[in-house]
Amino acid sequence: MADIQTHEYDVLIIGAGGAGLSAAVVAAAAGVKVGVVCKSLLGKAHTVMAEGGVAAAMANVDDRDSWRVHFADTMRGGQYLNNPRMAELHAQEAPDRVRELEKWGALFDRTPDGRILQRNFGGHAYPRLAHVGDRTGLEMIRTLQDHGIHSGMEVHMEVTCTRLLKDGNRCTGVFAYDREKGRFRVFKAGAVVLATGGVGRAYEINSNSWEYTGDGHVLAYDAGAELQDMEFLQFHPTGMVWPPSVRGILVTEGVRGEGGVLRNKDGKRFMFDNIPDNYKAQTASDEEEGWRYTQGDKRARRPPELLTRDHVARMINREVKEGRGSPHGGVFLDIAWIKPRVPGGAEHIRKKLPGMYHQFKELAELDITEMPMEIGPTTHYMMGGVRVDADSQMSSVPGLFAAGECGAGLHGANRLGGNSLSDLLVFGQRAGQFAVEYAKKNGRGKVSEDEVKKASEAALAPFSRSGGKGENAFQIQGELQKMMQAKVGIIRSPGEVQEAIGEIAQLKKRGQAVVVEGNREYNPGWHTALDLHNLLTVSEAIARAALERKESRGAQTREDAPGKDPEWGKVNLIVKKGDDGQMQIRREPIAPMRPDLKAIIEEIG
Amino acid sequence: MAGKKTTFEVYRGDAKGGARQSYETEVGEGMVVLDVLHQIQREQAPDLAIRWNCKAGKCGSCSAEVNGKPRLTCMTRCSSLDLDQPVRVEPMRTFPLIRDLVTDVSWNYEVKKKIKKFKPRAPDAPDGTWRMDQKDVERVQEFRKCIECFLCQDVCHVLRDHHKHAEFAGPRFFIYTAALEMHPLDSENDRLTDLRERDGLGYCNITKCCTDVCPEHITITDNGIIPLKERVVDDHWDPLTGLVNLVFGRPKG
Ligand SMILES: Cc1cc2nc3c(=O)[nH]c(=O)nc-3n(C[C@H](O)[C@H](O)[C@H](O)COP(=O)(O)OP(=O)(O)OC[C@H]3O[C@@H](n4cnc5c(N)ncnc54)[C@H](O)[C@@H]3O)c2cc1C
Ligand code: SF4
Ligand code: SF4
Ligand code: FES
């Protein structure tokens with residue numbers, strides 16, 4: 001293996017988004033040697049795209065807020081499939097993590113008395129999202145990046161991990177290639193933290209970047225770790241639908257938080273038509289009350305546009321299916337209507353939502369202060385991921401940790417907006433801390449030459465196949481995306497999902513025949529070929545879990561089983577690679593909630 | 001949706017050399033240049049190297065030169081270009097080429113590392129938090145909008161034509177420094193000497209080309225560089241404090 005560069009770290013972090021950088025910063029501060037590996041350049045991870053804000057019960061805007069309310073909101077939003085301990089830690093620690101960012105230089109928008117301003121978001125009882133206009137993710141990643149580069153961590157940019165390396169049962173390193181030259185790298189480590197983000201590129205219409213191919217999910221799965229809640233994939237209700245080339249790009253929920261409303265082609269606020277029972281008491285009874293809520297009236301209840309994302313996405317889907325949609329197959333999201341009601345009119349909108357204003361102006365030639373936007377659901381966020389211990393974030397493989405979107409447990413069946421950025425900070429930091437502890441206790445591990453050899457052979461396979469009727473990686477990826485969109489989308493029928501599983505198996509076979517042109521230097525054809533294994537594996541996990549859960553709950557909607565089934569409310573689905581290499585799925589009973597946490601839910605509802 | 005047949009001349013090559021290559025392809029409604037590049041990649045040139053992430057103007061990865069102008073390819077609508085002529089797409093010229101449209105921008109990361117980091121003053125409240133005015137925050141937020149696309153670095157003649165990479169930090173890092181200097185909480189006193197002696201602020205002759213290309217519409221020159229220049233002069237010669245303090249708020253201490 002003379003041609004393979006080797007690096008050694010105490011803690012190796014895969015991913016440089018909010019979760020990975022949080023882990024890296026705390027690990028480096030603990031004085032151990034820390035390496036960070038990421039597929040893109042530093043500062044470009046998906047976190048940079050987050051818009052609306054980071055949820056933390058600081059109670060700066062409404063002093064009725066507390067970690068207990070945040071906890072209850074998160075559990076209700078997740079339909080009680082969440083890991084309660086994670087929801088508890090998250091609600092308790094998020095405020096400190098946000099203040100820590102301020103200490104590192106982040107500049108959030110302010111309240112009139114100079115504290116961090118917080119805004120309304122779906123499913124949160126009180127204004128809770130600290131934000132910077134609609135570019136909160138940029139502020140967060142840049143703060144962590146600029147703080148991190150002085151912390152001693154070493155960053156390997158544009159390096160992609162394709163396999164975890166193990167010593168016995170323990171994870172001791174990573175095999176990777178650099179995108180620039182296609183050279184192989186081996187990272188040996190005392191502990192490995194996965195912080196690779198989500199899976200949205202398995203779908204045709206999505207709000208995600210090319211990086212979201214489920215790498216961390218599959219790295220962990222292939223190493224024998226358990227995945228959980230894979231049936232729960234969030235479709236964000238508001239993605240752009242027109243023009244076709246921008247379809248799926250996110251329109252932040254912040255638009256609705258600022259007073260934006262949803263209408264069908266007849267101009268009707270259809271969200272008032274159907275309000276789920278468990279949210280009735282908290283939802284405005286008419287348009288006027290909803291408006292007052294968005295403008296900070298503490299006695300008012302939230303408009304139905306700010307119900308949880310799963311519900312809003314389904315309602316939009318219904319309007320479109322029943323022929324009341326907009327010209328290009330979405331519905332209307334109108335923020336222009338607030339102009340006469342706010343001081344400053346159009347200027348107010350531009351100031352509150354500058355990113356959205358520019359996005360529509362430049363990509364759709366539409367002025368959102370004048371015209372309603374056309375929007376529809378877009379694949380957005382993966383609730384499912386690596387199953388971890390709530391306190392330490394360690395997976396079922398010793399020495400392997402996971403945090404951020406590639407982890408699971410906090411969000412249950414549906415994530416509330418803003419709860420991801422806070423998740424990254426809270427659990428990224430925890431993963432970093434516990435990885436340090438683990439590495440200190442166990443030392444750096446060994447990696448096996450044999451495993452490295454296998455990993456490099458697998459990576460080179462697409463070059464060694466002979467041409468002829470070889471498959472094209474882009475083509476297979478495109479077919480998978482269309483198929484998943486059509487058959488394992490917002491509304492799922494068992495027949496279609498079953499078909500999808502069959503088609504994934506076919507695509508896997510074709511994936512084995514992909515042939516790559518050109519050489520190893522910065523070759524997207526090759527990179528895409530290697531991503532296919534991950535995309536196909538997460539797609540299979542999503543489909544199998546969706547088929548298994550015979551009920552509708554949160555982000556999972558089953559055509560044949562509308563409504564929740566209390567029995568299904570007692571289990572999480574766990575996906576694991578069997579000894580025979582086949583995907584196995586089992587039901588794991590949810591542990592009874594601690595009495596004090598239960599009391600909070602009973603009190604707050 | 002009838003597409004328009006258009007020729008794209010895309011640079012193909014690496015550090016050793018290369019040339020523009022013609023691809024004929026259909027441009028559909030609403031397409032941006034990055035969409036076209038992806039289409040070419042999918043249909044004709046699977047090994048065409050492009051850097052991108054968000055496709056929404058938020059990450060600053062997809063920088064290149066379209067018809068000679070530094071642009072984000074994901075925010076350059078084809079309808080804004082003359083499609084009767086071939087459209088030229090080339091890598092940023094100021095940085096070493098890796099392959100095709102991908103350049104080695106690591107120099108920028110090195111420059112940033114040298115700039116003294118944020119150092120907050122003691123907290124204002126007993127609970128360890130600070131109080132800041134929205135208007136003080138907004139002034140700095142303008143610079144913090146930067147997505148590090150490095151287009152301003154690409155266009156600046158000091159780097160592009162005079163290759164002063166070793167002595168000149170470039171507009172991106174002037175506004176980065178300005179953001180730190182204007183940060184309401186920052187208490188680091190020592191960045192101005194660096195700006196003058198190490199970062200070559202004096203090389204900038206205020207051509208404003210950087211401001212013109214910034215996709216985030218940051219007023220790099222007027223709001224960032226010029227006040228910094230005044231401050232550096234002030235720091236060095238010590239006159240005129242009034243004007244500088246007007247721009248930067250109260251002096252630090
Ligand atoms: C448009 C948009 C807006 C959003 N807005 C909000 C919001 O307002 N509030 C909120 O809470 N959430 C929001 N989210 C969700 C949130 O941004 C993401 O869930 C979150 O940023 C994920 O962070 P992460 O640290 O887990 O991963 P990421 O930030 O995605 O980082 C993943 C990292 O892993 C690296 N990586 C991946 N695979 C590999 C590999 N194989 N080898 C090496 N490195 C690898 C990548 O290069 C990257 O550095 C939004 C999401 C989108 C798409
Ligand atoms: S104004 Fe200064 S920094 Fe900007 S492009 Fe001109 S010379 Fe370069
Ligand atoms: S200042 Fe503007 S042009 Fe320069 S890197 Fe930042 S966003 Fe890009
Ligand atoms: S791809 Fe992110 S700015 Fe163009």
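**Two interfaces: domain to domain, chain to chain**

Visitor: How much area do domain 1 and domain 2 of chain A bury between them?
Guide: In this predicted model, domain 1 of chain A and domain 2 of chain A bury about 470 Å² between them, with 55% of it on carbon and sulfur atoms.

Visitor: Which residues on the domain 1 side lose the most area?
Guide: A:Asp310, A:Arg314 and A:Asn317 do, and together they account for 68% of what domain 1 of chain A buries against domain 2 of chain A.

Visitor: Where do the two domains start and end in chain A?
Guide: Domain 1 covers 237-379 and domain 2 covers 469-570. Their centres, taken over C-alpha atoms, are 30 Å apart. The contact involves six residues from domain 1 of chain A and seven residues from domain 2 of chain A.

Visitor: How many salt bridges across that interface?
Guide: The rule finds zero salt bridges between domain 1 and domain 2 of chain A. As for polar contacts, two residue pairs are counted between these domains, both at pLDDT 80 or more.

Visitor: Which elements give two or more residues on the domain 1 side?
Guide: Helix H9 (309-321) and strand E14 (373-382) of chain A. H9(A) gives the most, with three residues. By class, the side of domain 1 that touches domain 2 has one nonpolar, three polar and two charged residues.

Visitor: Switching to the chains. How many residues of A are in contact with B?
Guide: 60 residues of chain A are in contact with 61 residues of chain B. The two chains bury about 5,100 Å² between them, 55% of it on carbon and sulfur atoms.

Visitor: Which three residues of chain A supply more of that area than any other three?
Guide: A:Lys44, A:Leu107 and A:Tyr522, which supply 13% of the area that chain A buries against chain B.

Visitor: And how many salt bridges between the chains?
Guide: Six salt bridges are counted between chain A and chain B. One salt bridge joins the side chains of A:Glu139 and B:Arg144, at 2.7 Å, N to O. For polar contacts between chain A and chain B, the count is 34 residue pairs, both residues at pLDDT 80 or more.

Visitor: Which helices of chain A give two or more residues to the side touching chain B?
Guide: Helix H3 (84-103), helix H4 (136-148), helix H11 (354-364) and helix H16 (524-548). H4(A) gives the most to this side, with seven residues.

Visitor: What about residue classes on that side?
Guide: The side of chain A that touches chain B divides into 23 nonpolar, 15 polar and 22 charged residues.

Conventions
Residues are numbered from 1 along each chain as its sequence is written. Chains are lettered from A and ligands numbered from 1 in the order in which they are written. This is a predicted model: local features need pLDDT of at least 70, side-chain atom pairs count only at pLDDT 80 or more; totals for chains, interfaces and linings use all residues. Side-chain values use heavy atoms; hydrogens and water are left out. Domain bounds come from an automatic or database domain assignment. Contact means heavy atoms within 4.5 Å. Buried area is the accessible area (1.4 Å probe) that two parts lose on being put together, summed over both. A salt bridge is a side-chain nitrogen of Lys or Arg within 4 Å of a carboxyl oxygen of Asp or Glu. A polar contact is a pair of N or O atoms within 3.5 Å; within protein, one must be able to donate a hydrogen and the other to accept it, and residues adjacent in sequence count only if both atoms are side-chain atoms. Helices (H or I, at least four residues) and strands (E, at least two) are DSSP runs, numbered from the N terminus. Ala, Val, Leu, Ile, Met, Phe, Trp, Tyr, Cys and Pro count as nonpolar, Asp, Glu, Lys and Arg as charged, and the others, Gly among them, as polar.
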